[in-house]
Amino acid sequence: MKISRTTGYAVQATLQLAQAPAGQPIPCSKLASNGGMPERFLLQILRNLVTHGVLRSTRGVDGGYCLDKPAAETSLLEVIEAVEGPLTANVPGDNLPPEMSSRLHEALVKVNEQCRQHLAGVKLSAVIANGNATSNGRAASPSPATTSN
């Protein structure tokens, strides 16, 4: 699974917010500084997360961003899909025989659904509590993350 830099920053920022006291807004500048992220780019990402109901923003001197729901109710799937859109299994099978293309599509749809279910089960609270834990308490197998631009 490839994770874009944008999605990586979104996950990193929401994990920072999940560690903050509930309801306490954190300014974009602090999130960017703590995470080594470009502030202007992060600001666009945070606005998108607000639009999709993952974060809430507060204006003013003491303003900033906080999770819209508790970390125990916010999944990695929500964060990823707020940035990337719905995860789908797109198969370019134009040059394959129809029956082969159909079987390939069915297989990838199954994999995609399993991935979506797993990501929906991984809550931010589990990630911050135990690096690779999922919401059901089992440890997820560590795998190298791939980042692209």
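**A quick tour: hairpin, core and Arg116**

Strands E2 and E3 make a hairpin, with 5 residues sitting between them, and Gly60 in the turn shows a positive phi of about 105°. Keep in mind that this is a predicted model. Besides the hairpin, there's a nonpolar core to look at, the largest one, with 33 residues, and a partly exposed arginine, Arg116.

**The hairpin**
- E2 covers residues 55-58 and E3 covers residues 64-67; the two run antiparallel and are joined by 4 bridges.
- Look across from Thr58 and you'll find Gly64 of E3.

**The nonpolar core**
- Within the largest core, the residues with the most contacts are Leu42, Leu46, Leu49 and Leu55.
- Several elements chip in with at least two residues each: helices H1 (5-19), H2 (28-35), H3 (39-51), H4 (76-84) and H6 (124-129), plus E3.
- H1 gives the largest share of this core, with 7 residues.
- Leaving out residues up to four places away in sequence, Leu46 touches Ala13, Cys28, Leu31, Leu55 and Tyr65.

**Arg116**
- You'll find Arg116 in helix H5, which spans residues 98-121.
- Arg116 counts as partly exposed because its relative accessibility is 22%, and buried would mean under 20%.
- Setting aside neighbours within four places in sequence, Arg116 is in contact with Leu77, Glu81 and Leu87.
- Pro86 is 30 residues away from Arg116 along the chain, yet their C-alpha atoms are separated by 9.3 Å.

Note on methods. Residues are numbered from 1 along each chain as its sequence is written. This is a predicted model: local features need pLDDT of at least 70, side-chain atom pairs count only at pLDDT 80 or more; totals for chains, interfaces and linings use all residues. Side-chain values use heavy atoms; hydrogens and water are left out. Two strands pair if DSSP finds at least two bridges between them. A nonpolar core is a set of buried Ala, Val, Leu, Ile, Met, Phe, Trp, Tyr and Cys residues joined through side-chain atoms within 4.5 Å. Buried means under 20% relative accessible area, exposed over 50%, partly exposed in between (1.4 Å probe, protein chains only). Contact means heavy atoms within 4.5 Å.
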